Amino acid sequence: MSQRINAFAIGNKAVNALHTMGFQVQNSSLDNSFLELMYFRVSQMNGCAFCLDMHSKELMAKGETEQRIFLVSAWRECSFYTDKEKAGLLWAETLTTLNGKEVSNEIYTKVSHYFSETEMVDLTMAVIAINSYNRINIAFGADVGTYQVPEKVH
């Protein structure tokens, strides 16, 4: 789909607030490589091509293996994701597919075993952020394939 509106360039207060939230999550205690993997998985679930392109490139730039990227949708069956990563992916998938349901005590207990209360809030905010970005890109369109990983400043 061609871009209808460039909501990010317009930069209204709501979009800027989302950027600020995303920045705070990126600078939280959560592992940035895991966050990229989680962003990729949620973007798969939502069908956001722009975010899939972006986060696959970010994952590759961070040295993530192709195997872990390609198989993240089947993380439950794979031994090469840590228990903490699996718990985080479970949380992300659960929050992405709420559809009026509550998060079960079983899921909360499983995830909170691996994440502190602060990390649980940060992880939840990260899931909210990627779902928001996905929905903006899907609603308004995006130039899929144009994302380039920024060069690192030394």
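**Salt bridges, helices and a few oddballs**

Visitor: How do the side chains of Arg-76 and Glu-93 meet?

Guide: In a salt bridge, 3.0 Å from N to O. It links distant parts of the chain: Arg-76 is in the loop between α5 (66–70) and α6, Glu-93 is in helix α6, and they are 17 residues apart. Bear in mind that this is a predicted model.

Visitor: Noted. Is Glu-93 buried or exposed there?

Guide: Buried, because its relative accessible area is 8%, and the cut-off for buried is under 20%. Arg-76 counts as partly exposed, at 45% relative accessibility.

Visitor: Which other side chain meets Glu-93 in a salt bridge?

Guide: The side chain of Arg-41, at 2.7 Å from N to O. That pair links distant parts of the chain too, with Glu-93 in helix α6 and Arg-41 in helix α3, 52 residues apart. Arg-41 is buried as well, with a relative accessible area of 13%.

Visitor: How many salt bridges does the count come to?

Guide: Six. One of them pairs Lys-84 with Glu-119, at 3.5 Å from N to O. Here helix α6 supplies Lys-84 and helix α8 supplies Glu-119, 35 residues apart. Lys-84 counts as partly exposed at 34% relative accessibility, while Glu-119 is buried, with a relative accessible area of 13%.

Visitor: And which residues do shared partners join into one network?

Guide: Arg-41, Arg-76 and Glu-93.

Visitor: What about a charge with no partner? Where does Glu-58 lie?

Guide: In helix α4, residues 49–61. Glu-58 is buried yet has no salt bridge.

Visitor: How far away is the nearest side chain of opposite charge?

Guide: That's Lys-62, 4.5 Å away. The salt-bridge cut-off is within 4 Å, so the pair doesn't count.

Visitor: Then what does Glu-58 touch?

Guide: Leaving out residues up to four places away in sequence, Glu-58 touches Glu-36, Tyr-147, Val-149 and Pro-150.

Visitor: Staying in α4 for a sec: what does Phe-50 touch?

Guide: Phe-50 sits in helix α4 too. Again leaving out residues up to four places away in sequence, its contacts are Asn-137, Ala-142, Asp-143, Val-144, Thr-146 and Tyr-147. Phe-50 counts as buried at 18% relative accessibility.

Visitor: And how many Å separate the C-alpha atoms of Phe-50 and Ile-138?

Guide: 8.6 Å, although the two residues are 88 apart along the chain.

Visitor: New topic, cysteines. How many disulfides does the count come to?

Guide: Zero. Cys-51 is in no disulfide; its nearest cysteine sulfur is that of Cys-48, 3.5 Å away. The cut-off is within 2.5 Å, so that pair misses out.

Visitor: Does Cys-51 count as buried or exposed?

Guide: Buried, because its relative accessibility is 3%. Cys-78 counts as buried too, at 9%.

Visitor: Let's look at a helix on its own. What should α2 span, and how far apart are its end C-alpha atoms?

Guide: Helix α2 runs over residues 13–26, and at 1.5 Å a residue its 14 residues should span 20 Å. The end C-alpha atoms are 20 Å apart, so that agrees.

Visitor: Which residues of α2 are buried?

Guide: Val-15, Leu-18, Met-21, Gly-22 and Val-25. They are on the same side of α2, because they cover an arc of only 115 degrees around the axis.

Visitor: Why would residues three or four places apart point the same way?

Guide: Because an α-helix has 3.6 residues a turn.

Visitor: OK, and what covers the buried residues of α2?

Guide: The cover includes α1 (7–10), α3 (32–46) and α8 (117–140). On the face turned away from the buried side, you'll find the exposed residues Lys-13, Phe-23 and Gln-24.

Visitor: Last one, backbone stuff. Which residue has a positive phi although it is not a glycine?

Guide: Asn-99, with a phi of about 45 degrees. Most residues other than glycine have a negative phi.

Visitor: Where is Asn-99 found?

Guide: In the loop between α6 (83–96) and α7 (105–112). Asn-99 counts as exposed, because its relative accessibility is 71%.

Conventions. Residues are numbered from 1 along each chain as its sequence is written. This is a predicted model: local features need pLDDT of at least 70, side-chain atom pairs count only at pLDDT 80 or more; totals for chains, interfaces and linings use all residues. Side-chain values use heavy atoms; hydrogens and water are left out. Buried means under 20% relative accessible area, exposed over 50%, partly exposed in between (1.4 Å probe, protein chains only). Helices (H or I, at least four residues) and strands (E, at least two) are DSSP runs, numbered from the N terminus. Lys and Arg count as positive and Asp and Glu as negative; His and the chain ends are not counted. Contact means heavy atoms within 4.5 Å. The expected span of a helix is 1.5 Å times one less than its number of residues. The arc is that of the directions from the helix axis to the C-beta atoms.
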